[in-house]
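Please open the model in your viewer, with the side chains available for display. The stops below are arranged so that each selection can be added to the one before.

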Amino acid sequence: MQQVVIDAPDEAATVALGCALAESLPDGTMVALQGTLGAGKTRLVQAIAAASGVAAGVPVSPTFVLVQEYQGTRRIVHVDAYRMRDEDEFLALGGEELFASDAIVFIEWAERIARCLPDSRLQIAIDETGASSRRFTITAIGATYEPVIGELRAWRAQRAN
């Protein structure tokens, strides 16, 4: 399990991280997003979607719809597990099929359906460190996504110079 921590002092830095993730994530990636209400889970997905050619303003929080799908230069599926009753509801929505697709799947509140998550995934924990600053702890669960961690470390080092 490899990990990288990236501090974003403002929203522009969060958007920059989203662009870096859009370049690094292979098709078929499953991303488990964790963070409190308002931490920036949806904002990060919006930044990744925009960098993937999805029209601005299209990605919205899927809280009341549960699952949103966006098409740009790649397919993005955005799931919000916050209002799901249990893991069975996620499975009934076709959760297993999402993991077998070529889409990049983002699941907000992924801890609520933890037993359904694939063994190999990227986990992003978002902590608020100020009014608009965030700390992103990005972990590769399984060896598949370790190259993404390496790319993000290189990106972080390049930004520091």
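Begin by selecting Gln34 and Gln123, whose side chains are joined by a polar contact of 3.4 Å; a polar contact here is a pair of N or O atoms within 3.5 Å, where within protein one must be able to donate a hydrogen and the other to accept it, and residues adjacent in sequence count only if both atoms are side-chain atoms. Before going further, note that this is a predicted model, in which local features need pLDDT of at least 70 and side-chain atom pairs count only at pLDDT 80 or more, while totals for chains, interfaces and linings use all residues. Residues are numbered from 1 along each chain as its sequence is written, and side-chain values use heavy atoms, with hydrogens and water left out.

**Around Gln34**

Keep Gln34 selected and show strand β2 (residues 30-34), in which Gln34 is found; helices (H or I, at least four residues) and strands (E, at least two) are DSSP runs, numbered from the N terminus. Is Gln34 buried, partly exposed or exposed? Gln34 is partly exposed, with a relative accessible area of 22%, on a scale where buried means under 20% relative accessible area, exposed over 50%, and partly exposed in between (1.4 Å probe, protein chains only). Now add the residues in contact with Gln34 (contact means heavy atoms within 4.5 Å), which, leaving aside neighbours within four places in sequence, are Lys41, Glu111, Gln123, Ile124, Ala125 and Ile126. For Ile126, a distance drawn between its C-alpha atom and that of Gln34 reads 6.1 Å, although 92 residues separate the two along the chain.

**Across the sheet**

Next, display the strands together: they form an open sheet of seven strands with mixed pairing, in the order β1-β7-β6-β2-β5-β4-β3, where two strands pair if DSSP finds at least two bridges between them. The edge strands are β1 and β3 (67-71), each of which pairs on one side only. On average, neighbouring strands of this sheet are turned by 20 degrees against each other, direction ignored; the axes are lines fitted to C-alpha atoms, for helices over the stretch in contact, and angles run from 0 to 180 degrees between N-to-C directions.

From β2, move to β5 (residues 104-108), which pairs with β2 in the parallel sense over four bridges, and then to β4 (residues 75-80), which runs parallel to β5 and is joined to it by five bridges. Glu108 in β5 is worth selecting by itself, as it is the bridge partner of Leu33 and also the bridge partner of Asp80. Strand β5 is mostly covered, with five of its five residues buried: Ile104, Phe106 and Glu108 point one way from the strand, and Val105 and Ile107 the other way.

**The hairpin and its loop**

Select β6 and β7, which pair in the antiparallel sense over eight bridges and are joined by a hairpin through five residues. Gln123, already on display, has Thr139 as its bridge partner in β7. On the other side, seven bridges join β7 to β1, which runs antiparallel to it, and there Val4 stands opposite Ile138. Seven of the eight residues of β7 are buried.

Zoom in on Ser133, which lies in the loop between β6 and β7 and counts as buried at 15% relative accessibility. The side chain of Ser133 makes a polar contact of 2.8 Å with the side chain of Thr129, and a polar atom of the Ser133 side chain lies 3.0 Å from the backbone nitrogen of Gly130. Leaving aside neighbours within four places in sequence, Ser133 is in contact with Ala8, Pro9, Asp10, Asp127 and Glu128.

**The helices**

Finally, turn to the helices, starting with α1, which packs on the sheet by touching β1, β6 and β7, its direction making about 20 degrees with that of β7. In helix α2 (residues 41-51), select the buried residues Lys41, Thr42, Leu44, Val45, Ala47, Ile48 and Ala49, which pack against α1, β2, β4, β5, β6 and β7. Just after α2, Gly53 takes a positive phi of about 85 degrees.

The last selection is α5 (residues 146-160), whose buried residues are Val148, Ile149, Leu152 and Trp155. They cover an arc of only 120 degrees around the axis, which puts them on the same side of α5; the arc is that of the directions from the helix axis to the C-beta atoms. These buried residues pack against β1 (2-8), α1 (11-24), β6 (121-128) and β7 (134-141).
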